[in-house]
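Biologist: I have a fold on my screen and would like to learn how to read it. Can we go through it step by step?

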Amino acid sequence: MSISGKFKQIKTFADIVVSPKTLVVFDIDDTVIGYKEFSHTYFGDRLQHYKERYDCSKMILDFALDDWITKVKTGTPFHMDKNGYTRLINTIHETDSHYMFMTARNPLFRDTTEDHLEKIGIINRQVHYLAGANKGEFLKNIIKKYPQYDKLIFIDDMEKNLNDLHLAFGNKIDLYHFVKKYSI
Ligand SMILES: [Mg+2]
């Protein structure tokens with residue numbers, strides 16, 4: 001468990017416990033997809049780079065995002081945890097559960113994202129593109145379409161997103177912090 005006890009740290013999706021009729025929501029970047037050419041710190045490093053040069057937070061974010069998108073478009077995706085993922089998806093099917101992806105990526109980036117998911121073997125998928133919107137608030141709206149599911153699981157590598165989900169759902173959601181890191 002994390003220090004706060006709000007979420008559980010995992011290095012493989014195989015450690016996730018799924019009850020019957022659960023809606024499982026995955027983040028994408030550094031949760032299912034990693035890139036061979038750059039590490040999970042790349043975006044943060046670019047933010048820092050521009051913070052040291054500019055004062056305007058919108059400019060800093062836009063520049064860092066541009067750099068990141070350029071990298072991703074030419075990047076080689078790999079699956080962060082193929083074996084654990086396969087086991088989890090099997091469990092999801094066996095428990096009459098359902099899964100989807102929720103990414104901070106912009107919907108304009110859909111083609112590249114779908115292509116990269118396919119390259120790592122994720123074919124049947126449902127992806128919500130939030131363009132940086134709050135994941136907790138977004139999921140609150142989405143789950144209205146899924147009244148048949150009793151439980152909710154969310155998996156993300158970023159504590160900020162997990163905290164947003166905790167604020168939105170409290171103990172009505174099981175939060176998993178995916179902490180598997182890789183080096184290039
Ligand atoms: Mg992520």
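Biologist: Where do I start? How many helices and strands are there in the protein?

Modeller: Start with a count, then the order. This is a predicted model. The protein has 6 helices and 8 strands. Read from the N terminus, the elements go β-β-β-α-α-β-α-β-α-β-α-β-α-β.

Biologist: What are the domains, and how far apart do their centres lie?

Modeller: Check the domain assignment. It gives domain 1 as 4-34 + 77-178 and domain 2 as 42-74. Their C-alpha centres are 25 Å apart.

Biologist: Next, overall dimensions. What radius of gyration does the protein have?

Modeller: Compare the value with a rule for globules. For 184 residues, a compact globule would come out near 16 Å; the protein has 16 Å, so the two agree. The C-alpha trace spans about 50 × 35 × 30 Å along its principal axes. As for burial, 28% of the 184 residues count as buried.

Biologist: Let me pick one strand, E8. Is it buried or exposed?

Modeller: Go residue by residue. Strand E8 covers residues 174-178, and 5 of the 5 are buried, so the rest of the structure largely encloses it. Then look at each face. Asp-174, Tyr-176 and Phe-178 are buried on one side, Leu-175 and His-177 on the other.

Biologist: Which strands pair with E8?

Modeller: Look for bridges and direction. Strand E1, residues 8-10, pairs with E8 in the parallel sense over 3 bridges. There, Lys-8 has Tyr-176 as its bridge partner. Strand E7, residues 151-156, also runs parallel to E8, joined by 4 bridges. In that pair, Ile-153 is opposite Asp-174.

Biologist: What links E7 to E8 into a unit, and what is its hand?

Modeller: Follow the chain over the helix. E7, helix H6 (residues 159-169) and E8 form a right-handed β-α-β unit.

Biologist: Which residues have the most contacts inside the largest nonpolar core?

Modeller: Find the core, then its best-connected members. This core has 28 residues, and the most contacts inside it belong to Val-25, Phe-26, Val-32, Ile-153, Phe-154, Leu-175 and Tyr-176. Elements giving two or more residues are strand E2 (22-26), helix H3 (82-94), strand E5 (98-103), E7, H6 and E8. E2 gives the most, with 4 residues.

Biologist: What is Leu-175 in contact with, leaving aside its neighbours within four places in sequence?

Modeller: List its partners. They are Lys-6, Phe-7, Phe-154, Leu-162, Leu-165 and His-166.

Biologist: And across the protein, what share of contacts is long in sequence?

Modeller: Take contacts with a separation of 6 or more. Residues 24 or more positions apart account for 77% of them.

Conventions: Residues numbered from 1 in each chain as written. Predicted model: local features only at pLDDT ≥ 70, side-chain atom pairs only at ≥ 80, totals over all residues. Domains from an automatic or database assignment. Buried ≥ 20, exposed ≤ 12 C-beta atoms within 10 Å, placed from the backbone. Pairing = 2+ DSSP bridges. Right-handed = clockwise from strand over helix to strand, strands pointing away. Core = buried A, V, L, I, M, F, W, Y, C linked by C-beta atoms within 7 Å. Contact = placed C-beta atoms within 7 Å. Rg over C-alpha atoms; globule rule 2.2 N^0.38 Å.
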